[in-house]
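Let's walk through a protein model together, starting from a single residue and working outward. Keep the 3D view open as you read.

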Amino acid sequence: MRSALASLLRDEEGIEAVAACWSSASGTARSFRPQVCVVDGDGVDPMPTAGPPGGPDCALLVLASACRPGVLQRALAAKARGFVNKDAPPDRLRHAVRQVAAGERYLDHSLARDLLNAADIPLTARELAVLRLVAKGAGVPEIAGELYLSKGTVRNYMAAINRKTGARNRVDALRISQAAGWV
C-alpha cells in the first residue's frame, strides 16, 4: 500500500514521495525533510502526540476510513492538518497533499460527520488506556500494574466502560470501541 501511494504521488509534478513503514519513518524523514507525512490512521495506534515523524515542520495528513471517529480523534490530538478518506479517488489525495503542503487544512467531505462525532467519544483517556490493554489481552492484574492502579480501580474503569458503551462485558466493550475506531 505504501509503495502504491508513493508511486501515485511520484507521478505528480512537484511532488517527491518516499515510502517508509511507521517504525522507520523518523529515520527516513530525517534524510528527506518532508513537508507532508501521509499516515494510515488505522495503522498507527496510538497516534503520535508529538506530531509526525518528519518533525515539527512536517504536516500530518491522515488516511482514514469512514465511520471511525476514534481514529479522527487521535489524529486531531496528534495535530493532523488534513484528513482523506481511504476510499477517495487518487486526485483527492493529490489535492490534499498539495493543500497541506501549502499550509492549509484539508478535510475530505466524506469524513466531516465522523470528525464532528469524534468529539462525542464517551470514554475518558484513562478508560481508553484500559481498553487498549484489554485489546492486547491483558487481564486486570496486568492492567493495574501497567497503569499503576489498584485492581479495584481497574474493575471500576471496566464497569464504567461497559456502562458508557452499552456493552454486556469487556469483550463486547472492546468490539464496540474497535468498530468505532476508539481503540
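## Starting at Asp172

Asp172 sits in helix H9. Keep in mind that this is a predicted model, so treat the numbers as computed from that prediction. Is Asp172 buried or exposed? Its relative accessible area is 5%, and because the cut-off for buried is under 20%, Asp172 counts as buried.

What does the side chain of Asp172 reach? It gets to the backbone nitrogen of Arg168, at 3.1 Å. If you skip residues up to four places away in sequence, Asp172 also touches Gly166 and Ala167.

## A small charged network

Side chains of opposite charge can pair when their charged atoms come close. Asp172 does this with Arg168: the two form a salt bridge, with the closest N and O atoms 3.7 Å apart. The two partners sit in contrasting surroundings, since Arg168 is exposed at 70% relative accessibility while Asp172 is buried at 5%. Arg175 belongs to the picture too, as salt bridges with shared partners join Arg168, Asp172 and Arg175 into one network.

## The rest of helix H9

Helix H9 covers residues 170–180, and Asp172 has company on its buried list: Ala173, Leu174, Ser177 and Ala180. What do these buried residues pack against? The answer is helix H3 (69–77), along with H6 and H8.

Now look at the two ends of H9. At the N-terminal end, Asn169 acts as a cap, with a side-chain oxygen 3.1 Å from the backbone nitrogen of Val171. After H9 comes Gly181, which has a positive phi, near 85°.

## Where H6 meets H8

Two packed helices are described by the angle between their axes and the distance between the axes. For H6 and H8, the axes come within 10 Å and cross at roughly 100°. That crossing makes H6 roughly perpendicular to H8.

Which residues make the contact? From H6 you'll find Arg126, Glu127, Val130, Leu131 and Val134, and they meet Tyr157, Met158, Ala160, Ile161 and Lys164 from H8. Sorted by class, this contact has seven nonpolar residues, three charged ones and no polar ones.

Two of the residues in that contact, Glu127 and Lys164, form a salt bridge, with their closest N and O atoms 3.0 Å apart. This pair links distant parts of the chain: Glu127 is in helix H6 (residues 125–135) and Lys164 is in helix H8 (residues 151–165), 37 residues apart. Glu127 is buried at 4% relative accessibility, whereas Lys164, at 31%, is partly exposed.

## One more bridge to find

How many salt bridges does the structure hold? There are six. Another one to look for joins the side chains of Lys86 and Asp40, at 2.7 Å from N to O. Lys86 lies in the loop between strand S3 (82–85) and helix H4 (90–101), and Asp40 is in strand S1 (residues 36–40), so this pair ties together parts that are 46 residues apart in sequence.

How accessible are these two? Lys86 has a relative accessible area of 29%, which puts it in the partly exposed group. Asp40 is partly exposed as well, at 34% relative accessibility.

Notes
Residues are numbered from 1 along each chain as its sequence is written. This is a predicted model: local features need pLDDT of at least 70, side-chain atom pairs count only at pLDDT 80 or more; totals for chains, interfaces and linings use all residues. Side-chain values use heavy atoms; hydrogens and water are left out. A salt bridge is a side-chain nitrogen of Lys or Arg within 4 Å of a carboxyl oxygen of Asp or Glu. Helices (H or I, at least four residues) and strands (E, at least two) are DSSP runs, numbered from the N terminus. Buried means under 20% relative accessible area, exposed over 50%, partly exposed in between (1.4 Å probe, protein chains only). Contact means heavy atoms within 4.5 Å. A polar contact is a pair of N or O atoms within 3.5 Å; within protein, one must be able to donate a hydrogen and the other to accept it, and residues adjacent in sequence count only if both atoms are side-chain atoms. Axes are lines fitted to C-alpha atoms, for helices over the stretch in contact, and angles run from 0 to 180 degrees between N-to-C directions. Angles under 35 degrees count as roughly parallel, over 145 as roughly antiparallel, 65 to 115 as roughly perpendicular and the rest as oblique. Ala, Val, Leu, Ile, Met, Phe, Trp, Tyr, Cys and Pro count as nonpolar, Asp, Glu, Lys and Arg as charged, and the others, Gly among them, as polar.
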